[in-house]
Amino acid sequence: MYGSTNLSEEDARRMNTTVEDPEKLEAFEARIARGEKIEPQDWMPVEYRKQLIRMIEQHAHSEIVGALPEGTWITRAPNFRRKLALIAKVQDEVGHGQLLYSAAETLGKTREEMMNDLLSGKSKYSNVFNYPANTWADIAVIGFLVDGAAIVNQTINSKGSYGPYCRALERICYEESFHLKQGHDNVVYLATGTKHQRAILQDAINRWYRPLLHFFGPPDVQSAHSEKLMKWKVKLASNDDMRNQFLDMYVPKILELDITFPDPNLKKNEDGIWEFSDPDWDEFKRVINGDGPCNAERIAVRKFAEEAGRWVRQALMNPSEKYQVPLA
Ligand code: COA
């Protein structure tokens, strides 16, 4: 599924290059234009490598941090069937992290470096996982709408140019579609339940609406990386296009349950473009830069996991340790 995870000596030397060999660059861009996949051992511009590391790494962090808000509800799930489904989902999310870290490693950054950058705050992860899951309805909304948003993004990006990332995304999308069914079933159950169940669902939608708009990144005019990423077919749709696709697919599914969105200006225009009120992009910037409601808690839990698991990693990496058959 992946490839070599070591940078060749030449690629390592080139990491500080800013000017690329024009012939190689032209041949690389021609391959992308023909729709070919780029593999780890192939020549690639340094900026392409750096952008992919940044994006795949952020994605991997989002999966393992994303497991935390849902993980806290495993012991509080309303019944055994819901508990089993949630355990399986959380396990899948951590598995997605594994796939994505492996894909990022093929570009030459080690897992230890990535983990250190997450814990020091140097690397980002998705804004949405810095909000609390206050009630069971948050789990329903995460399963249906956060995973729905992720599927929109990942299905598009799975057609991209970097082989290992695309193959990881294809597999992730299969699993995410089960998560979506779990989330939808949960949302419909609450929406057709008691007054209290409908009220907690409405409250959760009210709180998740803005973070979900933020999920697809800043408006296209403010997006720092889109142009390059789209030129090299890492991203196949802009932030605004993906956001629009998401609203198109999911707003009607919530409205048909007689649940509303906390935005009087949310509507679809005749040209197919959704309009909405300014979702407070300052809040987005604060949250992705470490100052959201749960950033400190999420990183503290990851630090605990890192420290508590250190002895296991050390034992696994020590080649002199051999398994001893117990005497008795
Ligand atoms: N959460 C956290 N940070 C985000 C974000 C989000 N939802 N959306 C954008 N950002 C950050 C970007 O990482 C970038 O910061 P950086 O320069 O420090 O890395 C900055 O905001 C500007 O955004 P933009 O130039 O538009 O970034 P982008 O072209 O990489 O597009 C995504 C943003 C999320 C659409 C893109 O990175 C992507 O598709 N990532 C893969 C999918 C993913 O990570 N999903 C997460 C959870 S499942």
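## A tour outward from the ligand

Begin by selecting the ligand in this predicted model: 24 residues surround it, and the closest are His59, Ser62, Gly217, Ser223 and His225, where a residue counts as near a molecule if its C-beta atom, placed from the backbone, lies within 6 Å of it. The elements that give two or more residues to this shell are α3, α6, α8 and α9 (226-231), and the largest share, five residues, comes from α3; helices (H or I, at least four residues) and strands (E, at least two) are DSSP runs, numbered from the N terminus. If you colour the shell by residue type, you will find eight nonpolar, 13 polar and three charged residues, with Ala, Val, Leu, Ile, Met, Phe, Trp, Tyr, Cys and Pro counted as nonpolar, Asp, Glu, Lys and Arg as charged, and the others, Gly among them, as polar.

Before you select anything else, note that residues are numbered from 1 along each chain as its sequence is written. In this predicted model local features need pLDDT of at least 70 and side-chain atom pairs count only at pLDDT 80 or more, while totals for chains, interfaces and linings use all residues.

Next, select phenylalanine 129, which sits in the loop between α5 and α6. Is phenylalanine 129 buried or exposed? It counts as buried because it has 25 C-beta neighbours inside 10 Å, the cut-offs being 20 or more other C-beta atoms within 10 Å for buried, 12 or fewer for exposed, and partly exposed in between, with C-beta atoms placed from the backbone. Leaving aside neighbours within four places in sequence, phenylalanine 129 is in contact (C-beta atoms, placed from the backbone, within 7 Å) with Ser62, Val65, Gly66, Leu68, Pro69 and Arg298.

Now move to the largest nonpolar core, a set of buried Ala, Val, Leu, Ile, Met, Phe, Trp, Tyr and Cys residues joined through C-beta atoms within 7 Å. Of its 61 residues, Leu52, Ile56, Leu100, Ala104, Ala140, Val141 and Ala149 touch the most other members, and α6 gives the most to this core, with 12 residues. Select isoleucine 56 and you will see that, not counting residues up to four places away in sequence, it touches Leu100, Ala103, Ala104 and Tyr165.

Finally, zoom out to the whole protein, whose secondary structure comes to 13 helices and two strands. Its radius of gyration, taken over C-alpha atoms, is 21 Å, close to the 20 Å that the globule rule (2.2 Å times the number of residues to the power 0.38) gives for 328 residues, so the protein is as compact as a globular protein of that length.

How values were computed:
Contact = placed C-beta atoms within 7 Å.
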